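Biologist: I would like to learn how to read aromatic contacts and exposure in a model. Please go through them one by one.

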Amino acid sequence: MRILHARSVTKYEEYREQLHQIDTGREILDGAIYPGRLAPAPMAFRFRESRTVSSDRSYSLVNLVMIFFIFCFVGWVWEVSLAFISEGTFVNRGTLHGPWLPIYGTGGVIILILLKKLRKKPLFEFLAAMVLCGGLEYFSSWYLEKTHGGQRWWDYTGYFLNLNGRICAEGLLTFGLGGLAIVYLLAPALDNLLSRIDTRKLTVVAVVLLAFYCVDQAYSAQHPNIGAGITDYKGSATSQVS
């Protein structure tokens with residue numbers, strides 16, 4: 001994996017995009033699909049050189065780092081919002097103190113890297129994402145509990161088909177569906193947007209975020225984020241993620 005897209009990779013993806021456009025044009029000529037210019041309402045298809053939101057691509061290291069932090073932040077917003085709705089107060093979710101939940105970013109990135117060969121098989125992608133992210137969540141729960149004196153940051157005890165309160169069927173289904181959304185929609189769209197930004201500026205932002213993240217990890221290893229709405233479990237089934 002390269003820090004930036006190699007020129008050969010960019011050329012190859014442009015070539016694949018052109019093939020996609022040519023195939024669509026042939027389908028129009030063969031009558032397999034309806035031509036957009038004759039449609040009663042505007043259609044999405046048009047000949048273009050820019051990338052489509054396609055999963056058939058590679059990701060540069062810089063873009064993967066940015067995608068990691070975007071997913072971490074979105075996961076944090078999601079968890080904080082759920083806590084606010086249920087508790088009516090702000091709760092800084094997760095083991096870290098910053099606005100990020102690394103399990104979301106880690107899960108998204110490892111799906112993009114390790115399951116690349118399954119992108120043309122959505123069903124296998126779905127099942128593999130469930131297994132991969134389920135394993136990640138289980139290991140994270142076990143590791144945090146072992147390294148923090150038995151403290152838990154989430155507990156699925158009482159949920160349907162839960163395993164030691166660390167993972168459950170509902171969570172695995174969410175992982176599978178989320179994995180499909182990441183591979184076929186979210187990550188390609190983010191990659192397109194990130195690729196429009198000046199590479200040097202984007203690299204600086206990625207390095208700065210990594211620096212703050214590492215500092216937070218080092219500090220939280222000794223002073224983890226704990227308290228009401230974060231680690232105060234009393235046997236009830238509460239869906240929270242670190």
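Modeller: What follows covers ring pairs, exposure and charges over rings. This is a predicted model, where local features need pLDDT of at least 70, side-chain atom pairs count only at pLDDT 80 or more, and totals for chains, interfaces and linings use all residues. Residues are numbered from 1 along each chain as its sequence is written, and side-chain values use heavy atoms, without hydrogens and water.

Biologist: How many aromatic pairs does the rule count?

Modeller: Rings of Phe, Tyr and Trp (its six-membered ring) pair if their centres lie within 6.5 Å; planes under 30 degrees apart are stacked, over 60 edge-to-face, and the rest tilted. By this rule the count is 10. Among them, phenylalanine 73 and tryptophan 76 are stacked, at 6.1 Å centre to centre with 25° between the planes. Both lie in helix 2 (residues 61-87), 3 residues apart, about one turn of the helix; helices are DSSP runs of H or I, at least four residues, numbered from the N terminus.

Biologist: Is tryptophan 76 buried or exposed?

Modeller: Buried means under 20% relative accessible area, exposed over 50%, and partly exposed in between (1.4 Å probe, protein chains only). Tryptophan 76 is buried, at 14%, whereas phenylalanine 73 is partly exposed, at 42%.

Biologist: Which ring does the charged end of arginine 166 sit over?

Modeller: A charge sits over a ring if NZ of Lys or CZ of Arg is within 6 Å of the ring centre and within 35 degrees of the ring normal. For arginine 166 the ring is that of tyrosine 138, with 5.5 Å to its centre.

Definitions and conventions
Helix = DSSP H or I, 4+ residues; strand = E, 2+ residues; numbered from the N terminus.
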